[in-house]
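Visitor: I have a model open and would like to learn how to read its features with care. Could you take me through them?

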Number of protein chains: 2
Amino acid sequence: VLSFVMPLSAHAQQRDSTKLTVADIVTIHSQILNQDRKLYIYTPHTISTPLSRPGPAPYPVMYLLDGEVQIQMVAGLVDYLSNLQAVIPSMIVVGIDNNDYDRERDLTPTHSDRMDPVSKPDTSDTAFTKTSGGGEQFLRFIRDEVMPYVEQHYSTAPFRILSGHSLGGLMSVYCLLNHPEMFNAYIGISPSIWWDEAVVAKQAKGKLKAGAFKNRYLFFSISSEGGEFYQDIATLHSAFRETSASSGLTYRYVHYPAETHGSSPARAEYDALRFLFPKPQQTQ
Amino acid sequence: VLSFVMPLSAHAQQRDSTKLTVADIVTIHSQILNQDRKLYIYTPHTISTPLSRPGPAPYPVMYLLDGEVQIQMVAGLVDYLSNLQAVIPSMIVVGIDNNDYDRERDLTPTHSDRMDPVSKPDTSDTAFTKTSGGGEQFLRFIRDEVMPYVEQHYSTAPFRILSGHSLGGLMSVYCLLNHPEMFNAYIGISPSIWWDEAVVAKQAKGKLKAGAFKNRYLFFSISSEGGEFYQDIATLHSAFRETSASSGLTYRYVHYPAETHGSSPARAEYDALRFLFPKPQQTQ
């Protein structure tokens, strides 16, 4: 704590100054990706507000894609709802940083040269699509390196959530369909289902089998995005909805017509948490 | 930055560790209240996430009551919506700490012995109602000590917001009616209008005059609270709605039937910000 007195012309005199913290920033070395990767780890104890009252350990863990964009919002929301209001259980949130330009490599399940649903292929060396298709390796990094790190260092309950927005939402839905054992719950906010001619929507048909997603949760949402972005999500939504009774998936779909692609996580992360934990302090 | 290498049985090795910060914690001495008071000051520059891109100064300022309860949520939300998504302008948020047991003194405009709408008067020495009625002095503290401190130390635009929940919401509505010159915008989330036999609702009748609230904004909301809590808010809502065309007040009322008294700020602070800044990056 930095302590000093500062003369002011106004009435108030400053006595001391420190920082409000919400998360640890930890860098781990990934052998799988062959690079250092940054994690933002909020726990019920990393926050420095005085009234925060953590519930009993162990804690469910949310793995949050685009961590550097969403961690401060989601950590603040989770702390308020859990440790201050007991609306949801106390949780850990692990924001995974994109490491600058590795976002497109990590958050795409297949390689594609198209950077939106309608444009022509872009094969220039500078295109963000150039490295695309590293999603499987990125999920291995999460499963074999991030999760063991988190579970070794913190008191974790066996309830894991994967939350992603946009390309991160694409990866969340892809992970549910292809690795349903990795997480208990999946959040896909305005997911880029259009990616690579809607490859994930196409593969869903063969995955939504009887009992395939028993005890699994999916929160799936779209905002005001139109055109193919909307159409590909709507198609996949129909498939999830029509099969949820047989697949066992506990499913929630929300359309936010008043939200933009960028604003929607501020609504959807909240609604997803209330969907996953509908009763105050209900825990698993 | 604490830097170390830690051997792990898992693949990942931790390289370094630091903290994600969202606000300065500043203590000032109040001559008016004759005590030290803590402020949580979020600015577009206090946050340590790497992608945050502050817009140009000067910045509007939100003064947030119950600061120790809401600052991490509101700071995270504002940073996400402004510096990361440019949905609202970059802002400063000043959370005012309640200084432990001074909440009931500071956030009540009159003295009352009743701690809820229906119970009998409680005149015991331990009752939280004992010190109630310090609201006017608390607003003087904000106007003459907090605001000068903030405006001297930060680049502030002449657009001030007062946000409060519960008793804080009562004070926000009271301030609009009695000191409309102090803030441009007022947020009252599930306000305790029932206080002291709904004294604030009663005084509203004489205040809602032609032109009295020109260029002033009010966001007013209630959740699932019922009984007198709801009834007193509904009565005041009718008065605001019926007079808004003549009083000049720009008014928004939202009912959140699915929210509890405690959860509602997580929805309402967001909706209030979108109400005040409806167009991306629109500023005052």
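**Reading the interface and three buried residues**

Visitor: How many salt bridges are there between chain B and chain A?

Guide: A salt bridge is a side-chain nitrogen of Lys or Arg within 4 Å of a carboxyl oxygen of Asp or Glu. The count between chain B and chain A is four salt bridges, and one of them joins the side chains of Arg274(B) and Glu259(A), with 3.1 Å from N to O. Keep in mind that this is a predicted model, in which local features need pLDDT of at least 70 and side-chain atom pairs count only at pLDDT 80 or more, whereas totals for chains, interfaces and linings use all residues. Residues are numbered from 1 along each chain as its sequence is written, chains are lettered from A and ligands numbered from 1 in the order in which they are written, and side-chain values use heavy atoms, with hydrogens and water left out.

Visitor: How many residue pairs are in polar contact between chain B and chain A, and which elements of chain B touch chain A?

Guide: A polar contact is a pair of N or O atoms within 3.5 Å; within protein, one must be able to donate a hydrogen and the other to accept it, and residues adjacent in sequence count only if both atoms are side-chain atoms. Between chain B and chain A there are 18 residue pairs in polar contact, both residues being at pLDDT 80 or more. Helices (H or I, at least four residues) and strands (E, at least two) are DSSP runs, numbered from the N terminus. On the side of chain B that touches chain A, the elements giving two or more residues are strand S2 (13-30), strand S3 (35-42), helix H1 (67-84), helix H3 (135-153) and helix H7 (264-276), and S2(B) gives the most, with 17 residues.

Visitor: What area is buried between chain B and chain A?

Guide: Buried area is the accessible area (1.4 Å probe) that two parts lose on being put together, summed over both. Here the area is about 5400 Å², of which carbon and sulfur atoms give 58%. Leu20(B), Gln72(B) and Tyr80(B) supply 13% of the area that chain B buries against chain A, more than any other three residues. Contact means heavy atoms within 4.5 Å, and 62 residues from each of chain B and chain A take part.

Visitor: How are chain B and chain A related by a turn and a shift?

Guide: Copies are superposed by least squares on the C-alpha atoms of residues with pLDDT of at least 70 in both. A turn of 180° and a shift of 0.0 Å along the axis lay chain B on chain A with an RMSD of 0.0 Å, and the two copies are thus related as by a two-fold rotation axis. In chain B, the C-alpha nearest the axis belongs to Thr21(B), at 2.2 Å. Of the interface residues of chain B, 100% are also interface residues in chain A, so the copies meet through the same surface.

Visitor: Why does Val93(B) count as buried, and what does Ser82(A) make a polar contact with?

Guide: Buried means under 20% relative accessible area, exposed over 50%, and partly exposed in between (1.4 Å probe, protein chains only). Val93(B), in strand S5 (residues 92-96) of chain B, counts as buried because its relative accessibility is 0%. Ser82(A), in helix H1 (residues 67-84) of chain A, counts as buried at 5%, and its side chain makes a polar contact with the side chain of Asn83(A) (3.4 Å).
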